[in-house]
Amino acid sequence: MDDPPTRQATENQQLSPLAVLSLGGALLSFATCLVGGIASVLGFPSVGLVILFLPLLALASAVCGVLALVAINRSDGLLVGGVPARIGLVLGLIATAVTGSFTFGALRTAYDVRERLAPVVEALIADINADNWPGAEEHLGEPVARALGKTGVAWFFETLEASFQSETVGADAPLVILFRSRGELARASDPTQVSAAPQNLNDEVPKPVRVTFASGASGVLFVFLDPAALASQQVRVSDAMIVLPDNRVLTLQPDGPASLLARGGGMRVVPRPAEVMP
């Protein structure tokens, strides 16, 4: 039988609220990361953006775990919860590393696409609209410019504008496009076949850029970059694809990487007339 002081001390013990917060926050970080990832794939970019804030939640969970352990050690046995505090601390640190790496990669990619790629696409659109083929060539990879020529590139933009029933007027790359992009492809294909989000300008994954139209409509243009130009620190377009309002996919090259990606995902590619074939 416990003596009265021991029994009284046991009855007065409380579970540390910080330990509960630590474990709950760490588990919530992992669960939200999973839900946010699925949401971005299915085309709910606002939910996917929540992932960017998870490192703060995960770090707070780890801090709560440390504070809980300190409070427990100083409580003279009145506070318990060392096990959930330690689990929350470890999981919080792991979640901070995982979500922090994702967030850093997403923000770095968003910056590169916005500052380096979007201006190139916008300049290409302006040159095509102005019928300035020499200017447009400067923004295209040499092989695609030579293969398609002015007629082939112009056909791409004319078909794009006809599908959206409006003239293209510009391009930009807000952060939400990184998450919306997978959903944009998913609505026209099998989501399991959609490639991963881009990590930087030097990988082979197409980069999403928002193309805007005079009517106020917009679409996501997936841009492939010319590797030879990138090797010399230049950003030039080698191929591109966009999902049209009727869920067909328009590609810049007839048999380039964009067309291969589209057909591999079961998408319907807009056929190119024989007169504009390279």
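The following paragraphs go through a predicted model, from its overall make-up to a few individual sites.

The protein has 278 residues, of which 46% are buried, and its secondary structure comes to 10 helices and seven strands. Among the contacts with a sequence separation of 6 or more, 62% are accounted for by residues 24 or more positions apart. Towards the outside, the protein exposes about 13,700 Å², and carbon and sulfur atoms supply 61% of that area.

Helix α10, which spans residues 257–264, shows how one element meets its surroundings. The buried residues of α10 are Ala-258, Ser-259, Leu-261 and Ala-262. These four cover an arc of only 160° around the axis, and therefore they lie on the same side of α10. As background, an α-helix has 3.6 residues a turn, so residues three or four places apart point the same way. The partners of the buried residues of α10 are strands, namely β5 (218–225), β6 (237–243) and β7 (249–251), against which they pack. Just after α10, the backbone at Gly-266 takes a positive phi of about 75°.

Two loop residues come next, beginning with His-139, which is placed in the loop between α6 (133–137) and α7 (142–164). Is this residue, His-139, buried or exposed? Its relative accessible area is 16%, and because the cut-off for buried is under 20%, His-139 counts as buried. If neighbours within four places in sequence are left aside, His-139 is in contact with Val-120, Ala-123, Leu-124, Asp-127, Arg-236 and Val-237. A further relation across the sequence is the one with Ser-238, for His-139 and Ser-238 are 99 residues apart in sequence, while their C-alpha atoms are 9.1 Å apart in space.

The second loop residue is Ser-75, found between α4 (54–73) and β2 (79–80). Ser-75 is buried, with a relative accessible area of 10%, and a polar atom of the Ser-75 side chain lies 2.8 Å from the backbone oxygen of Ile-72.

The last site is on the surface, where Phe-30, Val-90, Ile-94 and Val-98 make a nonpolar patch of about 330 Å². Helix α5, residues 82–129, contributes the largest share of the nonpolar patch, with three residues. Val-90 lies in helix α5, and with 48% relative accessibility Val-90 counts as partly exposed, because the class of exposed residues begins over 50%.

Methods: Residues are numbered from 1 along each chain as its sequence is written. This is a predicted model: local features need pLDDT of at least 70, side-chain atom pairs count only at pLDDT 80 or more; totals for chains, interfaces and linings use all residues. Side-chain values use heavy atoms; hydrogens and water are left out. Buried means under 20% relative accessible area, exposed over 50%, partly exposed in between (1.4 Å probe, protein chains only). The arc is that of the directions from the helix axis to the C-beta atoms. Contact means heavy atoms within 4.5 Å. Accessible areas come from the Shrake-Rupley method with a 1.4 Å probe; for residues, only the protein chains shown count as cover. A polar contact is a pair of N or O atoms within 3.5 Å; within protein, one must be able to donate a hydrogen and the other to accept it, and residues adjacent in sequence count only if both atoms are side-chain atoms. Patches are made of residues with over 30% relative accessible area and no salt bridge: like charges are joined within 9 Å, nonpolar side chains (Val, Leu, Ile, Met, Phe, Trp, Tyr) within 5 Å. A salt bridge is a side-chain nitrogen of Lys or Arg within 4 Å of a carboxyl oxygen of Asp or Glu.
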